[in-house]
Amino acid sequence: MFRITASIAALLLAAGCSGGSGGAASIPSASSASSPAAAGTAFRTPQVMRAAGLDSVIGERAGSLEQRFGQARIDLSEGDARKLQYVSDACVLDIYLYPLSANADPVATHVEARARQGGAAADRANCIAEVERQARS
């Protein structure tokens, strides 16, 4: 269980620390006790992923996502960051939520998708549609 939790925490940290134009949101370092304000650090506004087909997810709160996709397979919070994971028969969808301003509710700022078998990168928009289709059935 510790290995799984540590792996998920490492994924959250990696997503928050990666750069690039598709950019993931920034999250506090693993040494932060809870939220950035509680740790005495300044709030850092996350980068919001902008890509075709993601606009129906990006900016949404967890409650909205849960209404749309159902209960998340994984719902992990660390500090002010949150990760929701959904699965379909063919893909795994990870949605990362971060607050856009200090003390705000986290919203979806980054999405990753991969094949359920083998873990190869999958088209994010197609995975969103597939997870939603399965949630409705």
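**Group meeting: charged pairs on a four-stranded sheet**

Hi everyone, let me start with one pair: lysine 83 and aspartate 94 make a salt bridge, with 3.7 Å between their closest N and O atoms. Lysine 83 sits in strand β2 and aspartate 94 in strand β3, 11 residues apart, so this bridge links distant parts of the chain. Do keep in mind that this is a predicted model.

Are these two partners buried or exposed? Both count as buried: lysine 83 has a relative accessible area of 1%, and aspartate 94 has 2%.

Aspartate 94 has another partner, arginine 114, with the closest N and O atoms 2.5 Å apart. Because arginine 114 belongs to strand β4 and aspartate 94 to β3, this pair ties together parts that are 20 residues apart in sequence. Arginine 114 is partly exposed, at 27%.

Now for the sheet itself. Its four strands run in the order β1-β2-β3-β4, the pairing is antiparallel, and the sheet is open. β1 (74–78) and β4 (106–115) are the edges, each pairing on one side only. From one strand to the next, the twist averages 15°.

Over at the β1 end, five bridges join β1 and β2 (residues 81–87), and aspartate 75 stands opposite leucine 84. Aspartate 75, partly exposed at 40%, also forms a salt bridge with arginine 82, at 2.5 Å from N to O. Shared partners join Glu66, Asp75 and Arg82 into one network.

Finally, the helices: α2 (residues 62–69) lies across all four strands, at about 5° to β2, while α3 (residues 124–136) lies across β2, β3 and β4, at about 100° to β3. Thanks, everyone!

How values were computed: Residues are numbered from 1 along each chain as its sequence is written. This is a predicted model: local features need pLDDT of at least 70, side-chain atom pairs count only at pLDDT 80 or more; totals for chains, interfaces and linings use all residues. Side-chain values use heavy atoms; hydrogens and water are left out. Two strands pair if DSSP finds at least two bridges between them. Helices (H or I, at least four residues) and strands (E, at least two) are DSSP runs, numbered from the N terminus. Axes are lines fitted to C-alpha atoms, for helices over the stretch in contact, and angles run from 0 to 180 degrees between N-to-C directions. Contact means heavy atoms within 4.5 Å. A salt bridge is a side-chain nitrogen of Lys or Arg within 4 Å of a carboxyl oxygen of Asp or Glu. Buried means under 20% relative accessible area, exposed over 50%, partly exposed in between (1.4 Å probe, protein chains only).
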